[in-house]
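Reader: I've got this protein open and would like to walk through it with you. Can we start with the strands and go from there?

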Amino acid sequence: MKLVPCPLCKSSREFLPVRITGQDGHIHKYSGLYDGQQLSAWKVCGDCGFLHQNPRPSIEALNAFYLNSEYHTKYETPPSVEDYLEFGKWYYAEKTDYLLKAIGPDSLSSKKVFDIGFGHGGFLKQFADREWEVYGVEADKNHFAFAKNDLGLKGPGVQLGILDRKTDIGTQVDVVISNHAFEHFSDLHEIMESVQKILKKGGYIFTVVPTPFSNRSRLSKKWMNASHYSMFGHHSLNHLMGQYGFEEVHHTYRGWWKEIDEIWHVAQFTGKVFEANAFVEDPRKVQFYMNVINPLRSAAYFPIFHGWAIRLGFFNKWKRRIRLLFSNPGLAFKKLTARVKAA
Ligand SMILES: [Zn+2]
């Protein structure tokens, strides 16, 4: 474990502690890396207000950990292709539509997209289905194999590995996307320099990350676990990207109802570099938000969003059944009798 400078502004002057409640459902995965601790530690940078995990395992240890596919493989079995395609559409189609609406795809000279950490490939598949050329990296070899072999996402630009300054896809893309990836990156500056290399000037970056800001549930604080290193809001995303010539086009904390406490953020690579202090936040305000306002908001929203994922899953199951009843009554009836027999 190592106390690191602020991952955003690189200051080591002062760090304000943030209270973490409950359990860390991820820390056990990192057997050796946390010296038997039960919770990760989170701080607000005393200079720029950035919320991040500190101290944390070293960058080298973390990269080795992800490249050994330790994060996922012990705990997940590959999905069936049919189920995954259905999930992928449910999970990524709205995000894709939001992005395309924000940038106006007719303004682009070509349709090439790069996904940082594409997982099983569901997000890229949305673009492939819309006749985009797809590119990307994925560190987990099992996820990579699924995307390539089962979803058919192939080509020299679809690679096993992580995004770094050495990444070469032989072209520059129009759009860079990532879903729940930036919170995992240990070196944010290397990522942004690498994005500058693979993205055309005038192109866009679309970032989806879990967030404890503007929160509606306790899940927002559970995001602050050992598997994540940074927690962004729109200020810190603009602070990071503004240093590398990116200007915000649009952001929302209310993109959808499927997963709450998430921010969607679109920025354009204009080349305009912002002053270092343009997006700095008041560290005491961020600390107060996390220790006081966030739990109050979670309590206020509790009647609506308690057990949200479970209720949503229940609702979707019945929606699918009713839809099947209308589209294929024979199959719906067969499934129903099978369930009754099983019970
Ligand atoms: Zn900072």
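Author: Sure, and keep in mind that this is a predicted model. To start, β1 and β2 (residues 42–45) run antiparallel, and four bridges join them.

Reader: Which residue in β2 is the bridge partner of V18?

Author: V18 belongs to β1, which covers 15–18. Its strand pairs with β2, and that strand spans residues 42–45. Within β2, the bridge partner of V18 is W42.

Reader: Which strands stand at the edges of the sheet?

Author: The sheet is an open one with four strands, and the pairing is antiparallel. Read across, the order is β1-β2-β3-β9. A strand at the edge has a single partner, so one side of it is left without a neighbour in the sheet. That applies to β1 (15–18) and β9 (230–231).

Reader: Now the salt bridges. Which residue meets the side chain of E14 in one?

Author: The structure holds ten salt bridges, and one of them involves E14. This pair links distant parts of the chain, 270 residues apart: E14 sits in the segment before β1, while its partner is in helix α8. The N to O distance is 3.0 Å, inside the 4 Å cut-off. The partner is R284.

Reader: What about backbone oddities: which peptide bond is cis?

Author: Most peptide bonds are trans, and most residues other than glycine have a negative phi. Here, one bond has omega near 0 degrees and leads into P55. P55 lies in the loop between β3 (51–53) and α1 (59–67). The cis bond is the one from N54 to P55.

Reader: And where is K10, with its positive phi?

Author: K10 is a residue other than glycine, yet its phi is positive, near 70 degrees. As for its place in the chain, K10 is in the segment before β1.

Reader: On to the domains. What area is buried between domain 1 and domain 2?

Author: Domain 1 covers 81–305 and domain 2 covers 308–342, with 33 Å between their centres, taken over C-alpha atoms. Eight residues of domain 1 are in contact with five residues of domain 2. The size of an interface is often given as the accessible area lost when the parts come together. Carbon and sulfur atoms give 52% of the buried area, which is about 540 Å².

Reader: How many salt bridges are there between domain 1 and domain 2?

Author: Residue pairs in polar contact between the two domains, both at pLDDT 80 or more, come to zero. The count of salt bridges between domain 1 and domain 2 is also zero.

Reader: Which element gives the most to the side of domain 1 that touches domain 2?

Author: The elements giving two or more residues to that side are α2 (81–103) and α8 (283–305). By class, that side has six nonpolar, no polar and two charged residues. The one that gives the most, with three residues, is α8.

Definitions and conventions:
Residues are numbered from 1 along each chain as its sequence is written. Side-chain values use heavy atoms; hydrogens and water are left out. Domain bounds come from an automatic or database domain assignment. Contact means heavy atoms within 4.5 Å. Buried area is the accessible area (1.4 Å probe) that two parts lose on being put together, summed over both. A polar contact is a pair of N or O atoms within 3.5 Å; within protein, one must be able to donate a hydrogen and the other to accept it, and residues adjacent in sequence count only if both atoms are side-chain atoms. Ala, Val, Leu, Ile, Met, Phe, Trp, Tyr, Cys and Pro count as nonpolar, Asp, Glu, Lys and Arg as charged, and the others, Gly among them, as polar. Two strands pair if DSSP finds at least two bridges between them.
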